[in-house]
Amino acid sequence: MLAHDTLPFYASADLRPRWDRVSSVLRVNDFEFTDHRNAAVDERVLDDGPTVVNLFFAGCVSVCPVSMDLLRTLQAGLGAQAPRFMSLTVSPLTDDARALADYRGKFGLPQEWLLLTGHPQAVEAWARHSLYSDITKLGADGLPPHTERAFLIDRRHRVRGLYDARSPHEMVRLRYDIARLKQEEAPAADQSISRSSPSAATAVVRR
């Protein structure tokens, strides 16, 4: 039997799962990035339901390809029930929209999978303060850090799951948690989200 009826909240740098009231109201920061189609994307993209987020960079030849392949397999296996997948580069100076579009094609990612870049300071701040990931310390090879984590974010912009995206076993757990989160959010599916704009027709991806 599960000890808790809902998924935990990850709202501090120690990345410990918590169910307390304070953790339940802490949200990821707002953002404004650019996707692989050179369209502006902001935090409202999280409003529609579960979102799987990971960090990567296009030049990575070790951890990132493994993680992306496992996440892509998960996304494809979920079919119409798949949540949104969103990947943010940790190397925005080299990964512009064109590089991201090439990367999407190389890995066979669907068009709805958002590959994001942005101003380096904005990317660093969001990764550090929302995903508790330090992306500024280069590895021994001089490349950005390999960030193997994937995060599950709910429609209220709270981190609800943390996974090792290199692990097939962890992808099974992520699949299960996506289903749990969808079930948890189902009663509120037709209600407006306080962070959304007043109009339901407002686009979250703006050209």
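Modeller: Buried means under 20% relative accessible area, exposed means over 50%, and partly exposed lies in between (1.4 Å probe, protein chains only). By that rule, buried residues make up 48% of the 207 residues in the protein chain.

Biologist: What kind of model is this, and which residues count for its features?

Modeller: It is a predicted model: local features need pLDDT of at least 70, side-chain atom pairs count only at pLDDT 80 or more, and totals for chains, interfaces and linings use all residues. Residues are numbered from 1 along each chain as its sequence is written, and side-chain values use heavy atoms, with hydrogens and water left out.

Biologist: How many helices and strands does the protein chain have?

Modeller: The protein chain has five helices and eight strands. Both are DSSP runs, numbered from the N terminus: helices are H or I with at least four residues, strands are E with at least two. Along the sequence the pattern reads α-β-β-β-α-β-α-β-α-β-β-α-β.

Biologist: What makes S3 and S4 a pair?

Modeller: Two strands pair if DSSP finds at least two bridges between them. S3 and S4 have six bridges, in the parallel sense, so they meet the rule. One bridge joins Leu 55 to its partner in S4, Leu 88.

Biologist: Why is strand S4 called mostly covered?

Modeller: Strand S4 spans residues 84-89, and five of its six residues are buried. Ser 87 lies in this strand. Its relative accessibility is 0%, so Ser 87 counts as buried. The C-alpha atoms of Ser 87 and Trp 113 are 7.9 Å apart in space, although the two residues are 26 apart in sequence.

Biologist: How many disulfides does the structure hold?

Modeller: Zero. The sulfur of Cys 60 has that of Cys 64 as its nearest cysteine sulfur, 3.1 Å away. A disulfide is a pair of cysteine sulfur atoms within 2.5 Å, so a separation of 3.1 Å does not qualify. Cys 64 is likewise in no disulfide.

Biologist: How do you know whether Cys 60 is buried or exposed? And Cys 64, buried or exposed?

Modeller: Cys 60 has a relative accessible area of 4%, so it is buried. Cys 64 has 3% relative accessibility, so it is buried too.

Biologist: What makes two aromatic rings a pair?

Modeller: Rings of Phe, Tyr and Trp (its six-membered ring) pair if their centres lie within 6.5 Å. Planes under 30 degrees apart count as stacked, over 60 as edge-to-face, and the rest as tilted. By this rule there are six aromatic pairs.

Biologist: Why is the pair of Phe 31 and Phe 33 called stacked?

Modeller: Their ring centres are 5.1 Å apart, so they pair; their planes are at 15°, so the pair is stacked. Phe 31 is buried at 7% relative accessibility, and Phe 33 is buried at 2%. With Trp 126, these two form one aromatic cluster.

Biologist: Why is the pair of Phe 56 and Tyr 103 called tilted?

Modeller: The centres lie 4.9 Å apart and the planes are at 40°, so this pair is tilted. Phe 56 sits in strand S3 (residues 51-56) and Tyr 103 in helix H3 (residues 97-107), so the pair ties together parts that are 47 residues apart in sequence. Phe 56 is buried at 1%, and Tyr 103 is buried at 3%.

Biologist: Which residues form a nonpolar patch on the surface?

Modeller: Val 22, Val 25 and Leu 26 do, with about 260 Å² of accessible area together. Val 25 lies in helix H1 (residues 21-25). Its relative accessible area is 49%, so Val 25 is partly exposed.

Biologist: What is notable about the phi of Asn 38?

Modeller: Most residues other than glycine have a negative phi. Asn 38 has a positive phi, near 65°. Asn 38 is found in the loop between strand S1 (32-35) and strand S2 (40-42). At 58% relative accessible area, Asn 38 is exposed.

Biologist: Where is Leu 15, and is it buried or exposed?

Modeller: Leu 15 is in the segment before H1. Its phi is also positive, near 55°. At 14% relative accessibility, Leu 15 counts as buried.

Conventions:
Patch = residues over 30% accessible without salt bridge, like charges linked within 9 Å, V, L, I, M, F, W, Y side chains within 5 Å. Areas by Shrake-Rupley, 256 points an atom, 1.4 Å probe, with all protein chains shown as cover. Salt bridge = Lys/Arg side-chain N within 4 Å of Asp/Glu carboxyl O.
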